[in-house]
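Hi,

Here is the structure I promised to pass on. Have a look when you get a minute; my notes are underneath.

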Amino acid sequence: MNESTSVLFDQPGPRGRRRIRMFNAVASLLLVALAVFVILRLHNPPDGENQLSWELWKPALDREAWTDFYLPGLWMTVKAAVVAVVGSIVFGIVFGIGRLVPNMLVRAVSAVIVEFFRAVPELLLMVFFWRWFAFAGLSSPSYWAVVGGLVLYNGSVIAELVRSGVGNLPHGQREAALALGLSPMQSLMTVEVPQALIAMLPATITQLVVVLKDTALGSIIMYTDLLQESRRLGAMYFNILQTLVVAGIIYFVLDWLLSRLAERMPALMKGRTYGNTVTEPTAPIAIMDATNANQIADAQEGERPYGGADRQFPDHYHGSNATTDHWQHAHYSHGHDRNHPVSHPQHPFPKLPIDRRETGKGSDGSPDDSAGAV
Amino acid sequence: MEAFLDLFREYDIPGAFWVNIQLTFWGAVISLLLGVILVMMRICPVSSLRGFATAYVEFFKNMPLTIIMVFMVLGMFGQLKLSFSDDFDINFFWLAVTGLALYTASFVCESLRSGINTVPMGQAEACRALGLSFWQSASQVILPQAFRGSVAPMGNTLIALIKNSTVAAAASVTTETSSVMSDMIEFHASQILQIFFIFALGYVILIIPIGLLTTYLSNRLAVRR
Amino acid sequence: MHNQSTGRGRAGLLRRLVALVAVMACALSMGACGSSSSDGHVIKIGIKFDQPGVGYKKSGTYEGFDVDVARYIAHKLGYRDDEIVWKEAPSKQREAMLQNGDVDMILASYSITDERKKAVSFAGPYLVAGQDLLVRSDNTDITGPQDLNGKRLCSVTGSTSANTVKQKFANEVQLMEQPSYAECATALFSGIVDAVTTDDIILAGLAANARGKLKLVGAPFTQERYGVGIRKGDTEFAKQINQAIRDMIDDGSWQRAIEDNTSGTGYTPNAQYNPPDPTEGEEDD
């Protein structure tokens, strides 16, 4: 995102450069002043104690703090997050397929369940499960409450990903399967869903970031995760601000690394599916509309003249398609399924990674990454 | 049924939802302002501001909201003495709003950034040809169109904000839904299922219309090209 | 490469994925709920893990007054240190843990109340605590709950102690609820609240680590009879526990345990009720 990619302002001339330098200096000064103010306030608060003193930081950083508090807490956090992601993938696949099967009743029930759990705040789910599991006599109720809350919400998001992933495949996949004599159900299970699953892998990693962040809600229901353990350490030495900073840094580093991984995934997955690989788990907005993944792809095809992020939604909508029976069909016949042969008469097949390397486009990852995935 | 109605008599359930709606409303207004400022910083020619905005967004996107809420009370209020009112209830409410707004602003910024790219290059080029400055072209041409192109991700952000308003419990706001529900379960354990469904349905009723409205608006407001 | 993959290959992938998911779920959930085997001669005791001075987990060991009493009772019942299995008993899970046999007894600042006696039985009490206030050492104007009008008070989310103060003593008090006492104590340190309230023994435990900057007001205004929670109706077990507590009080270990865990805070148990006479739970009710 350097200046050269932005056309919002001219390539500055001598006077413009001077002005920018001046703004830069003023802005940097303001930011530094803010930082200094905060540090001074922490060092010498109106009343209370110096929050920067080593006396408070040492117990938050020494070996004992890591072995007895942060690392066990982190293990609990990771354990809940990983089980929750695995569980939500299972939940998502089951209900995502449930929303696609020919049987109307199954579709309706799946839709109600998915929409319900997408709307209920995770904290409410966790509180409810926690009390309920405790009454039911389950051992470690807070652990299962955290996992349960995370699975139901994130599973619903993944169910939407599966649904939009299937909705986003070129219609030819299904047509070919039916032409080969597969039943609609067989086509769904053996041709469409597997491709949708690969397409949604990057988004699943992004979802892991969300899950990892949301495990921190578990501390509200007494789950001994990283946040709760750092609280306990803080209870002993009265340095809860310091222990929370350490915990915050651990969360940040983990989430940041996972986000970077998620960003690299689409390039790796692209060669393995006809679907669109996206990092952001954007579920369809309209309740009955499974087509937004197409729209996402459509949006991302465009240029990024101002150096902004990938667009998630196109600048034009064609109605929500909520009432269209053949929304899969509608999309490519309108010419908005760029992967579909109809839109590219000169390219009878989707561009393979090798094509991208030849044309040198490679907007979604370096050519080497794509080649590795072939 | 009588016991069920007693729940409503004993606890102020609509009041609890009202607290969450207020948290959401103010959080949305402030995070929208902050998000616009951030997105301007991210596309402006001044590199220190761009750097700050990028760091801000990365920081808040990867930080659990629960920690931010605890920090609002113990850090912002406790150490930096940022206080909105001498009345604790009002003070904690606004601290929670601030925490929600700071957190959500990073998502608003990202939504707007994705909206900005829906504006065709020609618009900016025309601005430059007319001699508009960065500030003029951003505020009068690019951003208004970006808003219309980012209705859908903004809607998703708003839905997330409504749900996140329950985390205000971590900032001592005790009258919001998750705390009230927790209290009710404590004293009416046998009705745990009913209690949960009252609150869950409340959120379904709040959120589904917003999803539908988002779809409607994004269709209506999109700039057709 | 798209065209070469067959439907069978894709289905295989799906199956492999499901299998992987299943294996991972198993492995992780085993780790989650795999408790130590209860065969052999062990006693499972529920305590708090997060209250310094009462029940606190540190470096894989446990310390605090509740822990000392629990250990003494376990020794008297014929268990060695390595035969005690400590379990965390958060406030809201205590009854459930006893009812489904997760633990044999609970010593976790567990007050004996009629409400709770409907679900579980108690032995003891081993201490009569009382609700008190924790203030900064330089404080002079708060000498009891009645002085709290216009002041700011912190307590833990979901506890009733703050409401007791507000309803009975000072209805002008401003309440702050935090997830744990650590936050409350930090808020007290930084001056945003004027007092923290809960049972005196818990406050003493907090104050013991405060480098002399916090003190107890020392005027408990309720009585909380801390009992040993046991399974409902186990009178025989209650008798054994009560005898152990009596022994502990008689041989001075009880007094030592109090002093060890609250040294430097000026805390003394309310002398009117302490040491208590443990007679609870010996008869069927």
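A quick word on terms before anything else: helices here are DSSP runs of H or I with at least four residues, numbered from the N terminus. Bear in mind that this is a predicted model.

With that in hand, start at H9 of chain A, since A:Phe238, just after this helix, takes a positive phi of about 55°. H9(A) covers residues 226–237, and its end C-alpha atoms are 17 Å apart, which agrees with the 16 Å that 12 residues should span at 1.5 Å a residue. Is the helix enclosed or open? Of its 12 residues, 12 are buried, so the rest of the structure largely encloses H9(A). Charged names are on that buried list too, including A:Glu229, A:Arg231 and A:Arg232. As for partners, the buried residues pack against H2, H3 and H10 of chain A, H4 of chain B, and both strand E2 and helix H6 of chain C.

Now chain B. You'll find 10 helices there and zero strands. Its C-alpha atoms fill a box of roughly 70 × 45 × 25 Å along the principal axes, and 54% of its 225 residues are buried. Among contacts with a separation of 6 or more, 77% join residues 24 or more positions apart.

Last, the largest nonpolar core: it has 228 residues, and B:Ala96 and C:Leu134 touch the most other members. Helix H5 of chain B (residues 88–116) gives the most to this core, with 17 residues. Leaving out residues up to four places away in sequence, B:Ala96 touches B:Leu23, B:Met69, B:Met72, B:Ala168, B:Ala171 and B:Val173.

Cheers

Terms used
Residues are numbered from 1 along each chain as its sequence is written. Chains are lettered from A and ligands numbered from 1 in the order in which they are written. This is a predicted model: local features need pLDDT of at least 70, side-chain atom pairs count only at pLDDT 80 or more; totals for chains, interfaces and linings use all residues. Helices (H or I, at least four residues) and strands (E, at least two) are DSSP runs, numbered from the N terminus. A residue is buried if 20 or more other C-beta atoms lie within 10 Å of its own, exposed if 12 or fewer, and partly exposed in between; C-beta atoms are placed from the backbone. Two residues are in contact if their C-beta atoms, placed from the backbone, lie within 7 Å. A nonpolar core is a set of buried Ala, Val, Leu, Ile, Met, Phe, Trp, Tyr and Cys residues joined through C-beta atoms within 7 Å. The expected span of a helix is 1.5 Å times one less than its number of residues.
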